[in-house]
Amino acid sequence: MTKITLISGSTMGSAEYVAEHMAEILEELSFETDIQHGPTLDELPLDGLWLVVSSTHGAGDLPENIQPLADAIKETSPDLSNVKFGAVGIGSSEYDTFCGAIHSLDALLLEKGAKRIGECFEIDIQKHEIPEDPAGEWVKIWANEL
């Protein structure tokens with residue numbers, strides 16, 4: 001059974017709910033999941049599959065609970081060449097920095113050697129009041145690419 005580590009960065013909880021919903025779907029599809037809300041680098045496997053979900057805070061900033069992870073990746077430069085990942089951002093298209101947090105995390109992971117599976121998926125809360133709905137449909141497609 002393939003294991004997927006879901007990593008969420010959230011300020012108000014929406015990314016956590018999305019990660020948990022996607023984990024349920026992945027488990028129905030026979031994947032093993034491990035949900036990490038705002039983990040440290042030491043808590044993550046440096047190989048395998050990651051699914052990163054992040055809301056955007058302020059002017060395109062990372063949520064406070066995932067900023068330490070991004071800082072640790074920048075400072076320690078771990079070799080992430082054995083990590084494959086998916087990226088899901090939640091934001092509002094009313095802002096110029098729409099989904100800025102997931103884009104910065106995506107760029108950071110790619111810079112450290114991780115390989116993204118599929119495109120970075122953006123959920124606009126202006127179009128989807130319940131972000132779990134589009135995330136649930138997207139994760140099924142993403143899982144087929146694994």
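Which residues does Trp50 touch, not counting residues up to four places away in sequence? In this predicted model, the list runs to Thr5, Ile7, Leu44, Pro45, Leu80, Val83, Lys84, Phe85, Gly86, Leu109 and Trp142. That makes Trp50 a handy place to start a tour, which goes on to two nonpolar cores, two helix pairs and a few individual residues.

**The nonpolar cores**

- The largest nonpolar core has 23 residues, and Trp50 and Leu109 are those with the most contacts inside it.
- Four elements give two or more residues to this core: the strands β3 (48-55) and β4 (83-91), and the helices α2 and α3.
- Helix α3 supplies the largest share, with 5 residues.
- A second core, separate from this one, has 22 residues, including Leu6, Val18, Ala135 and Ala143.
- As background, nonpolar side chains in soluble globular proteins tend to be buried together.

**Helices α2 and α3**

- Helix α2 covers residues 67-76 and helix α3 covers residues 100-111; they pack at an angle of about 30°, and their axes are 11 Å apart.
- Angles under 35 degrees count as roughly parallel, so α2 and α3 are roughly parallel to each other.
- The crossing in which α2 passes α3 is left-handed.
- On the α2 side, Ala70, Ile73 and Lys74 take part in the contact, and they meet Leu105, Leu108 and Leu109 of α3.
- By class, the residues of this contact are 5 nonpolar and 1 charged, with no polar ones.
- Leu109 thus turns up in several places: in α3 it takes part in the contact with α2, it is one of the residues with the most contacts inside the largest core, and it is touched by Trp50.

**Helices α1 and α4**

- Helices α1 and α4 pack with their axes 9 Å apart, at an angle of about 40°.
- That angle makes α1 oblique to α4.
- Here the crossing is right-handed.
- From α1, the residues in the contact are Tyr17, Val18, His21, Met22, Ile25 and Leu26; from α4, they are Glu132, Ala135, Gly136, Trp138, Val139, Lys140 and Ala143.
- This contact divides into 9 nonpolar, 2 polar and 2 charged residues.
- Val18, Ala135 and Ala143 take part in this helix contact, and they also belong to the second core.

**A charged residue in α3**

- Asp106 is found in helix α3.
- With a relative accessible area of 8%, Asp106 is buried, because buried means under 20%.
- Leaving out residues up to four places away in sequence, Asp106 touches Phe85, Ala87 and Arg116.
- Phe85 is therefore a shared neighbour, touched by Asp106 and by Trp50.

**Loop residues to look at**

- Ser30 lies in the loop between α1 (14-28) and β2 (32-37), and its phi is near 75°, a positive value in a residue other than glycine.
- Ser77 sits in the loop between α2 and β4; though not a glycine, Ser77 has a positive phi of about 45°.
- Ser77 is partly exposed, with 42% relative accessible area.
- Ile125 belongs to the loop between β6 (121-124) and α4 (132-144), and at 40% relative accessibility it counts as partly exposed.
- Ile125 and Ser92 are 33 residues apart in sequence, yet their C-alpha atoms are 5.3 Å apart in space.
- Ile125 touches Ile90, Gly91 and Ser92, again not counting residues up to four places away in sequence.

Note on methods:
Residues are numbered from 1 along each chain as its sequence is written. This is a predicted model: local features need pLDDT of at least 70, side-chain atom pairs count only at pLDDT 80 or more; totals for chains, interfaces and linings use all residues. Side-chain values use heavy atoms; hydrogens and water are left out. Axes are lines fitted to C-alpha atoms, for helices over the stretch in contact, and angles run from 0 to 180 degrees between N-to-C directions. Angles under 35 degrees count as roughly parallel, over 145 as roughly antiparallel, 65 to 115 as roughly perpendicular and the rest as oblique. A crossing is left-handed if the near helix is turned anticlockwise from the far one by less than a right angle, and right-handed if clockwise. Contact means heavy atoms within 4.5 Å. Ala, Val, Leu, Ile, Met, Phe, Trp, Tyr, Cys and Pro count as nonpolar, Asp, Glu, Lys and Arg as charged, and the others, Gly among them, as polar. A nonpolar core is a set of buried Ala, Val, Leu, Ile, Met, Phe, Trp, Tyr and Cys residues joined through side-chain atoms within 4.5 Å. Buried means under 20% relative accessible area, exposed over 50%, partly exposed in between (1.4 Å probe, protein chains only).
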